[in-house]
Amino acid sequence: NSLLESFFVGVSNMIAKLAKTCTLRISPDKLNFVLSDKVANGGVSMWCELEQENFFSEFQMEGVSAENNAIYLELTSENLSRALKTAQNARALKIKLTNKHFPCLTVSIELLSVSSSSRVVTHDIPVKVIPRKLWKDLQEPTVPDADVSIYLPVLKTMKSIVEKMKNISNHLIIEANLNGDLNLKIETELVCVTTHFKDLGNPPLDIVKNKIVHFDLLHEDVSLQYFIPALS
């Protein structure tokens, strides 16, 4: 399905913008892109989940064992994104874990040419296989009970505002309440700018006061959780 292939390409592009390197977790029914910087140390975390049956007509994998039926791979996000860009409007897309003197995620893309014959483009993406003893650090993050949960405004609008604000200040203040009000604010010695959103409803943006902002973005084919620690 070219639409789902394009959507998968879009997800990989989004991941590349959020994280330079990430972990790809492969299990029998799900694919997860994981970023697990320690929030306590000021790092961001991410957990992106895709149901494999929504994207692949065939899916075969064999994990470490029956009890630990998963594969964890560390890769450079941009390498995967760049490889998949050629997959838009492809006849077929295949992704395999291979060994070519070093572990690779091999992406094979079958493209139609002008003469209706097909050609295959192959990308070998170097990966690092993560040993099982490190898996415990790459699980879905747990979130403390939120003080406030609120729906986000239109994301394009919010992105445009935040990008303008970052030209003025490196720090953004997010304020929200249970009445559906959301404020985006910057403060400097020279200026204070606030954008107000009202009647947004609740949830899925969770805020733990002075600790963490938890973005929970949902689509019928993918979910993305992103965690940003507050500045102390």
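This is a short selection-by-selection tour of a predicted model.

**Stop 1: the two domains**

Colour residues 1-137 as domain 1 and residues 150-202 as domain 2, following the domain assignment of the protein chain. Now place a marker at the centre of each, taken over C-alpha atoms. The distance between these centres is 33 Å.

**Stop 2: the sheet of strands 10, 11 and 12**

Stay with the C-terminal part of the chain. Select strand 10 (173-176) and strand 12 (192-197). These are the edge strands, and each pairs on one side only. Add strand 11, residues 182-187. The three strands make an open, antiparallel sheet in the order 10-11-12. From one strand to the next, the twist averages 20°.

Zoom in on the pairing of strand 11 with strand 12. Six bridges link them in the antiparallel sense. For one of the partners, pick Asn183, then look across to strand 12: its bridge partner there is His196.

Next, show helix 3, residues 155-165. Helix 3 lies across strand 11 and strand 12. Relative to strand 11, helix 3 runs at about 15°.

**Stop 3: the cores**

Show side chains and select Phe8, Phe33, Cys48, Leu50, Leu80 and Leu105. These residues have the most contacts inside the largest nonpolar core, which has 47 residues. Keep the domain colours on: domain 1 (1-137) and domain 2 (150-202) each supply at least three residues to this core. In soluble globular proteins, nonpolar side chains tend to be buried together.

Centre the view on Leu80. Which residues does Leu80 contact, leaving aside neighbours within four places in sequence? Ser12, Phe33, Leu75, Leu105, Val107 and Ile125.

Another core lies apart from the largest one. Select Val34, Trp47, Ala70 and Ile130, which are among its seven residues.

**Stop 4: Ser81**

Return to Leu80 and step one residue along the chain. Ser81 sits in helix 2, residues 77-84. Is Ser81 buried or exposed? Ser81 counts as buried, because its relative accessibility is 2% and the cut-off for buried is under 20%.

Now show what surrounds this side chain. Not counting residues up to four places away in sequence, Ser81 touches Ser12, Asn13 and Ala16. Draw a distance between the side chains of Ser81 and Asn13: a polar contact of 2.4 Å joins them. Ser12 is worth keeping on screen, since Leu80 is also in contact with Ser12.

Conventions:
Residues numbered from 1 in each chain as written. Predicted model: local features only at pLDDT ≥ 70, side-chain atom pairs only at ≥ 80, totals over all residues. Heavy atoms only, no water. Domains from an automatic or database assignment. Pairing = 2+ DSSP bridges. Helix = DSSP H or I, 4+ residues; strand = E, 2+ residues; numbered from the N terminus. Axes fitted to C-alpha atoms, helices over the stretch in contact; angles between N-to-C directions. Contact = heavy atoms within 4.5 Å. Core = buried A, V, L, I, M, F, W, Y, C linked by side-chain atoms within 4.5 Å. Buried < 20%, exposed > 50% of the residue type's maximum accessible area, 1.4 Å probe, protein only. Polar contact = N/O pair within 3.5 Å; in protein donor to acceptor, adjacent residues only side chain to side chain.
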